[in-house]
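Student: I should like a close look at how the core of this chain is put together. Please give one connected account of the packing between its sheets and helices.

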Amino acid sequence: MRILVVEDDAALCSAIRFHLEREGYEADECQDGESALHLIRQQAYDLIILDRMLPSLGGIEVLTQLRREGISCHVLIVTALGGVNERVAGLDAGADDYLVKPFATEELLARVRSLLRRAPQLEALSGLAVGDAALDGARHLLRGPKGSVSLSRRETQLFEVFFRNPQQILPRPVLFSKVWGPDAPVEDGNLDTYIHFLRQKLRQCGSALQIKTVHSVGYRLLSGEGK
């Protein structure tokens, strides 16, 4: 699991990252809203821990923008603004949870665990959809305008990463880590082979979605109009 910590207090930001990594999570950090958006667009995060009061771009603005772009990763707002109106505004903007400072590290980690447990349950119930295609992870099926096609377990896992992060550039190391595991002995060419399989499946079900190669970086899932 990969987590981004966005907090303008550098000491607190580093402390949160330290505790996350000690729990076994991969974690990145930044201290302003513009940098947060840049990182979120470049990486596939499972969770973002987001302060509200940030330089350059506030936390609510960051959250609103990433939801507008279809980025559906979990967001936990961590802030000193604990009034009812502030909580409502954060949740209405698309946050999954809201934690008021000061907080105990144990509570923060418990909230992180709770949010990260939600993802597979939601996928199993409703699947994932982007553009004209829908992924049924439980049945290993991809549905499009021309019908359904069967997927292997690995193809399903890769599609899940792309469907959870549409429009984002997904670096090769991120895809390897999420699908094969961070330390798996996988040949680099295996990813290219599976991307070829995924493109075939999209064509077979008649979807206009495209998996674009980002030279020397990775891949990106785009809708037909995003050529």
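**Sheets, helices and the buried core**

Tutor: In this predicted model, five strands form an open sheet with parallel pairing, in the order 2-1-3-4-5. Strand 2 (26–30) and strand 5 (97–100) are the edge strands; each has a single partner, so one side of each lacks a neighbour in the sheet. Averaged over neighbouring strands and with direction ignored, the turn of one strand against the next is 20° in this sheet. Within the sheet, strand 3 (residues 47–50) and strand 4 (residues 74–79) run parallel and are joined by four bridges, and L50 stands opposite I77 of strand 4. Helix 1 (residues 10–22) packs on this sheet and touches strand 1 (2–6), strand 2 and strand 3, its direction making about 175° with that of strand 2.

For this part of the chain there is also a record: an unreviewed UniProt entry places the feature "domain: Response regulatory" at residues 2–116. Over residues 2–116, 47% of the chain is helix and 21% is strand, and the end C-alpha atoms lie 10 Å apart.

Further along the chain there is a second open sheet to consider. Four strands make it up, with antiparallel pairing and in the order 6-7-8-9. The edges are taken by strand 6 (128–130) and strand 9 (147–150); each pairs with a single strand, so one side of each has no neighbour in the sheet. Here, the average turn between neighbouring strands, direction ignored, is 20°. Strand 8 (residues 141–144) pairs with strand 9 in the antiparallel sense through four bridges, and L141 is placed opposite S150 of strand 9.

The element that lies across this sheet is helix 6 (residues 153–164): it covers strand 6, strand 7 (133–136), strand 8 and strand 9, and runs at about 130° to strand 7. One residue of helix 6 that shows this packing in detail is F163. With a relative accessibility of 3%, F163 counts as buried. Residues up to four places away in sequence aside, F163 touches L128, A129, V130, A133, A134, L135, L142, L209 and L221. Between F163 and L175 there are 13 Å from C-alpha to C-alpha, at a separation of 12 residues in sequence.

E155 also belongs to helix 6. Although its side chain is charged by class, E155 is buried, at a relative accessible area of 6%. Beyond its neighbours within four places in sequence, E155 contacts S150, Y194, F197, L198 and K201.

Several of those partners recur in the packing of one helix on another. The axes of helix 6 and helix 8 (residues 189–204) come within 10 Å and cross at roughly 80°. The two helices are therefore roughly perpendicular. Helix 6 contributes R154, E155, L158, F159 and F162 to the contact, while helix 8 contributes L191, Y194, I195, F197, L198, K201 and L202. Sorted by class, the residues of this contact are nine nonpolar, no polar and three charged.

Between helix 6 and helix 8 in sequence comes helix 7 (residues 172–179), which has six of its eight residues buried and is therefore largely enclosed by the rest of the structure. The buried residues of helix 7 are R172, V174, L175, F176, S177 and V179. Among the elements that cover them are strand 2, helix 6, strand 10, helix 8 and strand 12. Just after helix 7, G181 adopts a positive phi of about 105°.

Strand 12 (residues 218–222), one of the elements that cover helix 7, is itself mostly covered, with four of its five residues buried. Strand 12 pairs with two strands described here. Strand 10 (residues 169–171) runs antiparallel to strand 12 and is joined to it by three bridges, with G218 of strand 12 as the bridge partner of P171. Strand 11 (residues 210–214) also runs antiparallel to strand 12, joined by five bridges; here Y219 of strand 12 is the bridge partner of T213. Strand 11 and strand 12 form a hairpin with three residues between the strands, and in this hairpin S216 takes a positive phi near 65°.

Technical notes
Residues numbered from 1 in each chain as written. Predicted model: local features only at pLDDT ≥ 70, side-chain atom pairs only at ≥ 80, totals over all residues. Heavy atoms only, no water. Pairing = 2+ DSSP bridges. Axes fitted to C-alpha atoms, helices over the stretch in contact; angles between N-to-C directions. Contact = heavy atoms within 4.5 Å. UniProt positions renumbered as here; feature names shortened; annotations may be inferred. Buried < 20%, exposed > 50% of the residue type's maximum accessible area, 1.4 Å probe, protein only. Parallel < 35°, antiparallel > 145°, perpendicular 65-115°, else oblique.
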